[in-house]
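Subject: Structure for you to look at

Dear colleague,

Please find below the structure that I promised to hand over, with the sequence beside it. My notes on what was found follow, and I would suggest reading them with the model open.

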Amino acid sequence: MSPFELLEPRSLREAAALLDAGEPSVRPVAGGTAVMLMMKLGVLRPARLVSLRAIEKRYFDITIGADGELHIGAMATLTALERSAVIRKEAPVITRTLKTLSNVRVRNVATVGGHLAHADPHMDLPPVLIALGARVIVANPKGERAIPLEQLHKGYLETTLKRGELIAEVIVPKQGARRAAYLKCTTRSADDWPALGVAAVLEMNGDTVRDARIVVGAATDTPTRLAKAEAVLRGARADDASLARSGEAAAKEAGVIGDAHGSAAYKRELLRVYLARAVRAALAGR
């Protein structure tokens, strides 16, 4: 690795100011699982790293607000999220998703904010959080702004964050009575990068789908909501015929791309199959 300077500010706003100081090679580091690997490979050569480990403790917390929404600090580790009793009670689909998100060594160190900011389309949490309707609070030297999570990613390893902005918190509406599931297809172990991931969140009225949010990851360059597939399900019974139509709509509308985990044609067929499986899994659980 190239030599670098390590700074350790005591507040998130101070960290944001350091990132906004005009030096383009400055990078933030939280858990460091992605940054350190990229530095070792020589892909990233920052002159300065801004560590976030000493910022305010509230950004490490996972709580529930008075309105029932979940507040997840950006510095909370994936293990803390997985083990949180609050998350298990209010959004069990998140807890289930984390069981096969990478391995326990990574989850012990990686943070929620870093996971989202890395913007690798193969990440497991973004499709789930987008399907639940999450938004992120973004801090800068002058204040904060909120953006829907589905607007955070704009391309492979690219976000809409501006210079001097950091993810401070993720706010997630509680799952409530909604049925939710996330399924992924991997070509090796269950915790490997997926060839395809599908999140489904359903509001039911008896056996009829009142509303549906379907998000695909890994097969597209950003986590993507499938509006046409959602429209097919909305107002219909989730039977074999409607699921087949929804899967076909998803395969046609998604900008599927191939990579080392599978060709575009293979992933498009996976999407047809896994959308139906994800909806059935959501209906079978909570």
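His 261 is found in the loop that joins α10 (240-253) to α11, and I should say at once that the model is a predicted one. Is His 261 buried or exposed? Its relative accessible area is 12%, and because anything under 20% is called buried, His 261 belongs to the buried residues. If residues up to four places away in sequence are left aside, His 261 touches His 122, Thr 187, Arg 188, Trp 193, Pro 194, Ala 195, Tyr 266 and Lys 267.

The helix that follows this loop, α11 (residues 264-284), lies across the three strands β11, β12 and β13 (208-217), and it runs at about 35° to β12. Those strands are part of an open sheet of four, in the order β11-β12-β13-β14, in which the pairing is antiparallel. Since β11 and β14 (224-225) stand at the edges and each has a single partner strand, one side of each is left without a neighbour in the sheet. It may help to recall that the strands of a sheet pair through backbone hydrogen bonds, either parallel or antiparallel. Between β11 and β12 (residues 194-205), which run antiparallel, there are eight bridges, and if you would like a place to look along this pair, Ala 180 stands opposite Val 201 in β12.

Strand β11 also has a part in a pocket, the second largest, which has a volume of about 180 Å³. The pocket is lined by 14 residues, of which Arg 96, Thr 100, Tyr 182, Leu 183 and Lys 184 are the closest to its centre. Which elements give two or more residues to this lining? They are α5 (92-98) and β11 (179-186), and the largest share, seven residues, comes from β11. Sorted by class, the lining of the second largest pocket holds eight nonpolar, four polar and two charged residues.

Two alanines deserve a careful look for their backbone angles. Ala 218, whose place is in the loop between β13 and β14, has a phi near 75°, which is a positive value in a residue other than glycine. Ala 119, which lies in the loop between α7 (112-118) and α8 (125-131), likewise has a positive phi, in this case near 60°, although it is not a glycine. With the limit for buried set at under 20%, Ala 218 counts as buried because its relative accessibility is 2%, and Ala 119 is buried with a relative accessible area of 3%.

There is also an open sheet of three strands, in the order β1-β3-β2, and here the pairing is parallel. The edges are taken by β1 (5-7) and β2 (27-29), each of which has a single partner strand, so that one side of each is left without a neighbour in the sheet. From one strand to the next, the twist averages 30°. Three bridges join β2 to β3 (residues 48-51), and the two run parallel, with Val 29 standing opposite Ser 51 in β3. Helix α1 (residues 12-19) lies across β1, β2 and β3, and its direction makes an angle of about 165° with β3.

Two further residues may be worth finding on the screen. The first to look for is Leu 161, in the loop between β9 (158-159) and β10 (166-172); apart from residues up to four places away in sequence, Leu 161 touches Val 138, Arg 145, Leu 152 and Ile 167. Leu 161 and Gln 151 are ten residues apart in sequence, and their C-alpha atoms are 9.9 Å apart in space.

The other is Ile 64, which lies in strand β4 (residues 62-64). Because the class called partly exposed falls between under 20% and over 50%, Ile 64 counts as partly exposed at 38% relative accessibility. Its contacts, again not counting residues up to four places away in sequence, are Glu 69, Leu 70, Val 86 and Glu 90. As for Arg 237, that residue is 173 residues from Ile 64 along the chain, and the C-alpha atoms of the two are separated by 33 Å.

With best wishes

Definitions and conventions:
Residues numbered from 1 in each chain as written. Predicted model: local features only at pLDDT ≥ 70, side-chain atom pairs only at ≥ 80, totals over all residues. Heavy atoms only, no water. 1 Å grid on protein atoms, 1.4 Å probe; cavity = no way out; pocket = protein on both sides within 12 Å on 5 of 7 lines; lining within 4 Å. Points joined across faces, edges and corners; volume = space filled by probe spheres on them. Nonpolar A, V, L, I, M, F, W, Y, C, P; charged D, E, K, R; others polar. Pairing = 2+ DSSP bridges. Contact = heavy atoms within 4.5 Å. Axes fitted to C-alpha atoms, helices over the stretch in contact; angles between N-to-C directions. Buried < 20%, exposed > 50% of the residue type's maximum accessible area, 1.4 Å probe, protein only.
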